[in-house]
Amino acid sequence: MDSTSTFPQQQQMQDHRVHDLHPTVDEHSSIVSDCESSVSGNTRQQQQQNSDSFLVRLGEGDVVHDLIKTRFLRGLGSLSNQTEILAIHRNACSDVVSQARLQSFHVYAGAVSKLRGGNSNVKYAWYGTSSENDVRDILSNGFSHVHGHSLCLSPDDSPLQSVKSCLVGRDGVRHLILCKVILGRAEIVKPDTKQCYPSCENYDSGVDSFSAPTKYMIWSSRMNTHVWPAYVISFRVSSFKEIGMSEEEHVRPTSPWMPFPNLISVLSKVLPSLDIALISKFYKAKQERKISRHELIQKVRQIAGDKLLISAINSYRAKKKPTNFLQTRSRNDN
């Protein structure tokens, strides 16, 4: 992708009416609108012509474009003044597999609705990607191939945490995916939880707060059925480091403080074997130059969490015994 136009240039396609960005879901009737809708008025969409025809670009003046842009910037607060929107794209849903995946999403929404007294609780939520390739992988393969025990998203009116988790690409460009998410009946989960499924059959997802959630947690078994990647927003932030960052976030593990084999060895004492296997897979991909070091770090952060990584790095640098590190982990969990 070229960072100035963000995604490859695209040709025009027919206009369609747009459904409200925040539907109350009789989702079965809106499958066609999710694949084909998004524009009204005088502007037109442009569709890609290359082999990666996953996206349709929305132009300035497009109803959905302007709604997403406004809501995104409003959710950033003071950071909005430092933010430049480069492009907004819609998932083209252009192949049979994507259409089947979308239909599956609506089937599950209908099932959850029946199970939860007529309320599937479908929301829009942000996901911060690690690269342009990450966007393509998610659109073509879904989420579960790149994540561990759960998927963490930000509510559509609170994008800041997802913005912070975005890896900066060429020319400072970041990409967020705006997803439709089936929350159903949510339960409260602790920060940095390793929970990978509902605590009981009464729940479908997790949140950090009922009154003012900043995180939605979708369990690993439901990533590809309860989350639909609907839109991609590409943007730059001019002075992100100066805004809204805690002391802990300033010491995120992004520098080569600790060799990855040592890190994996320490993490293996704490994390489930599935998470360690996933981290090892990404480390091997980095060694084979299939992903960059930045992409590797981002993926490890998503799996292990910053608190655990900081503890591991500090433990390594101070040459503490493994028991001290495990005690630190225990305190973080409490």
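Phe 235 has plenty of company: leaving out residues up to four places away in sequence, Phe 235 touches Phe 72, Thr 83, Glu 84, Ile 85, Leu 86, Val 163, Cys 166, Gly 172, Val 173, Arg 174, His 175 and Leu 176. A contact here means heavy atoms within 4.5 Å.

Keep in mind that this is a predicted model, where local features need pLDDT of at least 70 and side-chain atom pairs count only at pLDDT 80 or more, while totals for chains, interfaces and linings use all residues. Residues are numbered from 1 along each chain as its sequence is written, and side-chain values use heavy atoms, with hydrogens and water left out.

Phe 235 also shows up in the largest nonpolar core, which has 27 residues; Ile 68, Phe 72, Trp 126, Leu 176, Tyr 231, Ile 233 and Phe 235 touch the most other members. A nonpolar core is a set of buried Ala, Val, Leu, Ile, Met, Phe, Trp, Tyr and Cys residues joined through side-chain atoms within 4.5 Å, and buried means under 20% relative accessible area (exposed is over 50%, partly exposed in between; 1.4 Å probe, protein chains only).

Which elements each supply at least two residues of this core? They are H2 (63–76), E4 (83–91), H3 (96–115), E5 (122–128), E7 (173–182) and E11 (227–237). Helices (H or I, at least four residues) and strands (E, at least two) are DSSP runs, numbered from the N terminus. E11 gives the largest share, six residues.

Now for two loop residues with positive phi:

| Residue | Phi | Loop |
|---|---|---|
| Cys 93 | near 50° | between E4 and H3 |
| Asn 121 | near 55° | between H3 and E5 |

Most residues other than glycine have a negative phi. Cys 93 counts as buried because its relative accessibility is 3%.
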